[in-house]
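Subject: Structure for your files

Hello,

Here is the structure I promised to pass on. My notes on it follow below.

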Amino acid sequence: MPPGLDRDARRRPIGLPRRALLTTAAIAMARPSLAQGAWPSRPTRIIVPFAPGGTTDIPARIIAEYLQRKLGKPFVVENRSGGGGAVGIRAAVQSADGHTLLHTTSAVAVVPALQRDPGFDPLTDLAPITMTAASPILLVVREDSPFRDFPGYLAKARAEPGKVSFSSSGIGTTVHLSAEVLRARGHVDLLHVPYRGSAPSATAVLAGEVDSGFLSPIEVLPHIRAGRMRALANCALTRTLLPDVPTIAEFVPAYDGVRLWFALFGGRDLPPAAAALLMRELAPLRNGSVLTERMAEVGAETLLDGPDPLVARMRAEVPLWKSIVEAAGIPRE
C-alpha cells in the first residue's frame with residue numbers, strides 16, 4: 001500500500017466494514033500523485049555548476065528545502081564546479097535517472113560559444129522548467145571618475161579607441177560578453193582587463209586600475225550606496241533596480257539587452273508531468289517568500305515564470321553569444 005494513504009492500517013480492528021475498504025480503494029484511485037510511479041519516487045539532485053555560497057547556490061538551496069517540505073522526498077544540492085559551468089551542466093545532461101535537476105546561470109547559453117565540444121546542446125539536451133531570477137549587469141566607475149554619464153563615456157571611447165578600459169570577472173563570462181555586445185553593436189573599441197572573479201574586478205575599479213567595470217549588483221550595490229562607485233548604465237533593456245540609471249540601449253539602439261539570469265532545468269529524462277508539478281509547487285514563491293527576499297538583497301528579481309520565457313531566452317542567447325564570441329575573436333577551447 002502506498003505510504004500516507006492509510007497510516008493507521010495496523011490499528012484497524014479485524015472485520016473493518018466493507019464500505020470502509022471500498023472508500024480506501026476509491027481514495028487510492030483518486031490520488032494518482034501517490035500511486036505507483038509518482039514523481040519524485042526517491043531523492044532528487046539539484047546540480048549547481050558553481051561553488052557553494054554563490055548567487056547560483058543560494059536560490060538552489062532555498063528551492064531544495066522548499067520542495068523537500070512540499071513533496072516529502074529529499075532534494076539535495078550538489079555543487080559540481082569547473083569549466084565555467086560546463087562540468088556541472090554535463091553531469092545533469094548525462095544523468096538518466098529522471099531525478100536530476102540543474103540550477104544554473106546564463107552560462108548554459110554561453111558555454112557552447114566558448115567550447116568547440118561542450119558535451120551538450122542546451123537547446124535539446126535539457127528540459128526547461130523556469131527562470132528563477134534575473135539581475136541587471138551594471139557599467140560602473142569609481143565615484144571620482146571623470147566619466148559623469150554614459151554619453152560622455154561612449155564619446156571618450158569612440159574618440160580614443162582602445163584607451164578606455166573595463167574590468168570583468170574573466171574572459172567569456174556574461175559580464176565580459178555584455179561589454180563585447182557594446183563593442184560590436186556600438187562600434188566602440190574598449191580595452192578589456194579580465195580578473196579572476198567578480199570581487200577582484202570590483203576592487204580594480206575602486207583602486208583605479210581600470211576606468212570602469214561591468215559587474216553584477218551583488219558586487220557593486222554596497223559601493224554605490226556608500227558613495228564609492230557610480231553606475232553609468234544598465235545592460236538590461238529596461239531600467240531595473242536603479243531607475244535613475246539609463247540603459248545602454250537608450251543610446252545604442254542596436255544593443256541587445258543582457259541580464260544575468262538563473263534557471264532551473266531537468267535532465268533529458270525528467271518526465272514532463274514532473275516538470276509541470278515542479279512549476280506548480282514553485283509558483284507561490286514568486287511573492288513575499290524567503291526566495292524573493294534573498295534575491296532582492298543581491299539586486300535580483302524573482303521570476304518563476306514557467307518554461308516558455310526560458311525557452312525564448314535560450315533560443316535568443318545561444319546564437320547571440322556565438323556571434324559575439326566570433327566577432328570578439330575570443331578563441332574557443
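A salt bridge here is a side-chain nitrogen of Lys or Arg within 4 Å of a carboxyl oxygen of Asp or Glu. Please keep in mind throughout that the model is predicted.

Salt bridges

Across the whole structure, a search turns up 16 salt bridges. One of them joins Asp97 to Arg42, with 3.8 Å between the closest N and O atoms, which falls inside the 4 Å limit. Asp97 sits in the loop between α3 (86–94) and β3, and Arg42 in the loop between α1 (18–30) and β1, so this pair links parts that lie 55 residues apart in sequence. Asp97 is partly exposed, at 29% relative accessibility, and Arg42 is also partly exposed, at 37%.

Two further pairs lie within helices. In helix α10 (residues 290–297), Arg294 and Glu297 are three residues apart, about one turn of the helix. Their closest N and O atoms are 3.3 Å apart in a salt bridge. Arg294 is partly exposed at 33% relative accessibility, whereas Glu297 counts as exposed at 55%.

The other pair is in helix α11 (residues 307–328), where Glu317 and Arg313 are separated by four residues, again about one helical turn. Their side chains form a salt bridge with an N to O distance of 3.1 Å. Is Glu317 buried or exposed? Glu317 is buried, with a relative accessible area of 4%, because the cut-off for buried is under 20%. Its partner Arg313, at 22%, is partly exposed. Elsewhere, Arg45, Glu78 and Arg80 are joined into one network by salt bridges that share partners.

The sheet

Six strands make up an open sheet with mixed pairing, in the order β2-β1-β3-β10-β4-β11. At its edges are β2 (75–79) and β11 (301–302), each of which pairs on one side only. Strand β1 (residues 44–48) runs parallel to β2, and the two pair over five bridges. Within this pair, Ile47 of β1 is opposite Glu78 in β2. Glu78 is also a member of the network with Arg45 and Arg80.

Which helix packs on this sheet, touching β2, β3, β4 and β10? Helix α9 (residues 272–282) does so, in contact with β2, β3 (100–105), β4 (127–136) and β10 (259–266). The direction of α9 makes about 35° with that of β4.

Helices α5 and α6

Helix α5 (residues 150–159) has Phe150, Tyr153, Leu154 and Ala157 buried. These residues span an arc of only 95° around the axis, so they fall on the same side of α5. The buried residues of α5 pack against β5 (138–142), β6 (165–168), α6, β8 (212–215) and β9 (229–234). At the start of α5, a side-chain oxygen of Asp149 comes within 2.8 Å of the backbone nitrogen of Gly152.

Helix α6 (residues 174–186), one of the elements that the buried residues of α5 pack against, contains Glu180. Glu180 is buried, with a relative accessible area of 5%. Leaving aside residues up to four places away in sequence, Glu180 touches Ile324 and Ala328. The range given for α11, residues 307–328, takes in both of these contacts.

Regards

Definitions and conventions
Residues are numbered from 1 along each chain as its sequence is written. This is a predicted model: local features need pLDDT of at least 70, side-chain atom pairs count only at pLDDT 80 or more; totals for chains, interfaces and linings use all residues. Side-chain values use heavy atoms; hydrogens and water are left out. Buried means under 20% relative accessible area, exposed over 50%, partly exposed in between (1.4 Å probe, protein chains only). Contact means heavy atoms within 4.5 Å. Two strands pair if DSSP finds at least two bridges between them. Axes are lines fitted to C-alpha atoms, for helices over the stretch in contact, and angles run from 0 to 180 degrees between N-to-C directions. The arc is that of the directions from the helix axis to the C-beta atoms. A polar contact is a pair of N or O atoms within 3.5 Å; within protein, one must be able to donate a hydrogen and the other to accept it, and residues adjacent in sequence count only if both atoms are side-chain atoms.
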